[in-house]
Amino acid sequence: MRLHRNLVFTTIDSLMAIFNEGQYADKVVALALKKDKRWGSHDRKFVAETIYEIVRWKRLYAEIAEVKEPYDRDNIWRMFAVWAVLRGYTLPDWKYFETTPVRKIKGRFDELSKDRRFRESIPDWMDELGVKELGEEVWTKELAAQNEQAKVILRVNTLKTTREKLRAILMDLDIDTEMPKEYPDALILKERANVFLTDAFKEGLFEVQDASSQLVARFLDVKPGMRVVDTCAGAGGKTLHIASLMENKGQLIAMDLYESKLKQLKLRAKRNGAFNIEPRVIENTKVIKKLYEKADRVLIDAPCSGLGVLKRNPDSKWKLQPEFIDNIKKVQAEVLESYSKIVKPGGKLVYATCSVLPSENQEQIKKFLSSESGKNFTFVKDVKVLASESGFDGFYMALLDRKI
């Protein structure tokens with residue numbers, strides 16, 4: 001296996017931006033892939049996957065390379081050399097690799113792999129928190145699962161096509177997929193491919209959405225003709241799924257604090273042919289109060305630590321801080337308290353997060369149910385999805401009924 005200079009330089013530049021300038025890995029990768037139009041799919045794959053791998057294993061590679069933050073360019077080259085050696089590349093005779101201790105790298109890797117914090121490459125505080133909340137055994141398995149590469153999963157847009165038809169269309173493009181039984185709207189790619197370039201995507205036949213995330217809209221139990229409110233809609237992955245389950249009938253109000261996200265949702269809704277979505281920016285509390293007791297179904301896809309989706313966002317291991325998690329729990333309690341009032345008597349509420357921590361999930365629900373606002377609700381059921389059990393993202397969903 002050969003290393004190509006221009007691909008490696010792009011990788012080094014990208015890692016400098018992520019580690020030293022605090023930029024988000026997905027944005028940096030998207031930019032890197034536009035750097036040279038002559039690159040083929042193998043080149044692009046190398047750049048994207050190498051950046052993500054070194055971000056994912058940052059702590060382990062930095063320890064083996066004996067470098068400390070903030071990293072200079074030579075430090076990043078040393079970490080890259082560690083990655084290349086462990087991946088079985090023969091290092092070319094470039095000046096950056098002149099002093100690379102190949103045998104020592106392998107020995108250090110074996111030694112450090114005995115310690116979970118290095119083996120799974122995670123900050124101490126996060127490791128301690130995971131053990132405290134999930135216990136040693138579950139956390140160890142969950143961390144290992146969260147360090148695997150995420151699968152590419154599509155959600156079929158049933159407003160425009162069926163799963164079988166889309167599978168056949170993709171098969172003609174040499175994109176092979178599996179149809180998982182437990183996820184009726186999902187297709188899983190057998191090999192990674194850039195599906196965004198296909199006509200099927202441009203025509204709105206599918207969205208890219210993890211299988212765990214696809215469980216949420218169905219859990220809400222929506223029916224055509226209902227009034228449904230998605231209170232933290234963001235760019236609308238779950239909103240679009242709800243719209244398809246409502247068959248475009250009824251009213252679907254998509255709310256968010258950020259207008260920029262709702263603008264993205266409008267574009268996606270147009271492509272999807274979803275016409276019953278009404279975006280509303282939460283500019284003040286009046287926007288919420290106007291809807292009190294007016295909705296048949298309410299989804300609170302609450303802001304969270306994202307500890308269930310580390311495989312998709314490995315850089316959040318290094319961006320998250322303990323105080324953020326403390327603050328986000330307060331926000332979760334507030335949105336539950338406020339947005340739950342939108343549910344009308346006899347309606348249903350779903351609270352969901354992409355976290356695996358009980359303190360953000362079942363403990364929030366327990367606290368809410370014992371509060372003044374929560375007395376109007378009955379707990380129906382919840383689902384705790386672990387990446388180590390499902391193979392997909394970690395997620396939580398709780399279903400509550402509003403008493404009549």
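In which strand is the place of Asp 301? I took this as the opening query of the notebook, and I worked throughout on a predicted model.

**Entry 1. The annotated aspartates**

I located Asp 301 in strand β8, which runs over residues 295-301. I had come to Asp 301 through its UniProt record, an unreviewed entry, which places the feature "binding site" at Asp 256 and Asp 301. I then checked how these positions lie in space: they are spread over 46 residues of sequence, yet they cluster, with a largest C-alpha distance of 10.7 Å.

I looked up the surroundings of Asp 301. Its relative accessibility is 18%, so I entered Asp 301 as buried, the cut-off being under 20%. Leaving out residues up to four places away in sequence, I found that Asp 301 touches Cys 232, Lys 238 and Ala 352. With Lys 238 there is a polar contact between the two side chains, at 2.8 Å.

I next turned to Asp 256, which I found in strand β6, residues 251-256. Asp 256 has a relative accessibility of 7% and therefore counts as buried. Setting aside neighbours within four places in sequence, I listed the contacts of Asp 256 as Thr 231, Cys 232, Ala 233, Gly 234, Lys 261, Leu 262, Arg 280, Val 281 and Ile 282. I noted that Cys 232 is in contact with Asp 256 and is also touched by Asp 301.

**Entry 2. Arg 116 and its partners**

I found Arg 116 in helix α7. I recorded Arg 116 as buried because its relative accessible area is 13%. Which side chains does a polar contact of 2.8 Å join to that of Arg 116? I found one such contact with the side chain of Glu 136 and another with the side chain of Thr 140. Beyond four places in sequence, the contacts of Arg 116 include Asp 127, Val 131, Trp 139 and Leu 143. Ser 121 is also in contact with Arg 116, and I return to Ser 121 in Entry 5.

**Entry 3. Helix α9**

I followed the partners of Arg 116 into helix α9, residues 136-146, where I found Trp 139, Glu 142, Leu 143, Ala 145 and Gln 146 buried. These residues lie on the same side of α9, because they cover an arc of only 160 degrees around the axis. On the other side of α9, I noted Glu 137 and Lys 141 as exposed. Against which helices do the buried residues of α9 pack? I recorded α3 (41-56), α7 (116-119), α8 (124-134) and α19 (387-390).

**Entry 4. Helix α2**

I made the corresponding check on helix α2, residues 25-32, and found Ala 25, Val 28, Val 29 and Ala 32 buried. They share one side of α2, since their arc around the axis is only 100 degrees. Lys 27 and Leu 31 are exposed on the face turned away from that buried side. I found the buried residues of α2 packed against α1 (5-21) and α3.

**Entry 5. Backbone exceptions**

I searched next for unusual backbone geometry. Most residues other than glycine have a negative phi, and most peptide bonds are trans.

I found a cis peptide bond from Glu 69 to Pro 70, with omega near -5 degrees. Pro 70 is in the loop between α4 (58-65) and α5 (73-86).

Ser 121 has a positive phi of about 55 degrees, although it is not a glycine. I placed Ser 121 in the loop between α7 and α8, and at 0% relative accessibility Ser 121 counts as buried.

Glu 247 also has a positive phi, near 55 degrees. I found Glu 247 in the loop between α13 (237-245) and β6, partly exposed, with a relative accessible area of 44%.

**Entry 6. The whole chain**

I closed with the overall figures. The secondary structure comes to 19 helices and 11 strands. The radius of gyration is 23 Å, close to the 22 Å that the globule rule gives for 404 residues, so I recorded the protein as being as compact as a globular protein of that length. The C-alpha trace spans about 75 × 50 × 40 Å along its principal axes.

Of the 404 residues, 53% count as buried. Among contacts with a separation of 6 or more, 71% are between residues 24 or more positions apart. I noted an accessible surface of about 19500 Å², of which 51% belongs to carbon and sulfur atoms.

Note on methods:
Residues are numbered from 1 along each chain as its sequence is written. This is a predicted model: local features need pLDDT of at least 70, side-chain atom pairs count only at pLDDT 80 or more; totals for chains, interfaces and linings use all residues. Side-chain values use heavy atoms; hydrogens and water are left out. Buried means under 20% relative accessible area, exposed over 50%, partly exposed in between (1.4 Å probe, protein chains only). Helices (H or I, at least four residues) and strands (E, at least two) are DSSP runs, numbered from the N terminus. The arc is that of the directions from the helix axis to the C-beta atoms. Contact means heavy atoms within 4.5 Å. UniProt positions are given in the numbering used here, feature names are shortened, and annotations may be inferred rather than shown by experiment. A polar contact is a pair of N or O atoms within 3.5 Å; within protein, one must be able to donate a hydrogen and the other to accept it, and residues adjacent in sequence count only if both atoms are side-chain atoms. The radius of gyration is taken over C-alpha atoms; the globule rule is 2.2 Å times the number of residues to the power 0.38. Accessible areas come from the Shrake-Rupley method with a 1.4 Å probe; for residues, only the protein chains shown count as cover.
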